[in-house]
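Colleague: Please take a close look at one spot in this chain for me, and walk me through the whole thing on the way there.

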Amino acid sequence: FLMTLDDQMPEGPAPEALRAGFEAVDGVLFCRLSLDGVETARGRAVVVDGVTVFDRIAVDEPWRRRGLGREVMRRLQVETGSERRGVLVATRDGRALYETLGWRLHSAYTTAASPGSL
């Protein structure tokens with residue numbers, strides 16, 4: 001699903017022991033969250049022509065349903081200074097999370113690859 005955002009995402013409670021690490025590589029900001037020294041969630045974002053593109057947002061299975069996906073998204077938005085438009089491609093499960101954060105469905109999205117391009 002291609003989704004867009006035109007506003008700040010809402011804050012929510014985060015575990016107190018949560019630690020965030022950021023690294024910028026070639027204009028892409030990587031965020032990694034950890035609890036008690038264990039990496040639990042990650043994602044990345046890049047700003048292109050005033051639009052923030054969020055990508056590869058993931059929470060490891062044992063850590064899901066604790067607000068960590070929301071926290072990765074929110075921290076990436078804050079760190080990129082992106083009180084501006086956002087865009088991402090969501091999975092079916094991701095769509096539900098993003099809608100709670102104010103993202104709107106723009107259109108269906110399908111990825112296709114030919115055997116020679118893999």
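Modeller: Let's start wide: buried residues (under 20% relative accessible area with a 1.4 Å probe, counting protein chains only) make up 32% of the 118 residues in the chain. Keep in mind that this is a predicted model, where local features need pLDDT of at least 70 and side-chain atom pairs count only at pLDDT 80 or more, while totals for chains, interfaces and linings use all residues. Residues are numbered from 1 along each chain as its sequence is written, and side-chain values use heavy atoms, leaving out hydrogens and water.

Now the layout. The chain has two helices and seven strands, where helices are DSSP runs of H or I with at least four residues and strands are runs of E with at least two, numbered from the N terminus. Going along the sequence, you meet them as β-β-β-β-β-α-β-α-β. The radius of gyration (taken over C-alpha atoms) is 14 Å, close to the 13 Å from the globule rule (2.2 Å times the number of residues to the power 0.38), so the chain is as compact as a globular protein of that length. Its C-alpha atoms fill a box of roughly 45 × 35 × 30 Å along the principal axes.

Okay, zoom in on Glu-99. You'll find Glu-99 in helix 2, which covers residues 92–100. Glu-99 has a relative accessible area of 38%, so it counts as partly exposed, the class between buried and exposed (over 50%). Now look across to Asp-55: Glu-99 and Asp-55 are 44 residues apart in sequence, and their C-alpha atoms are 16 Å apart in space.
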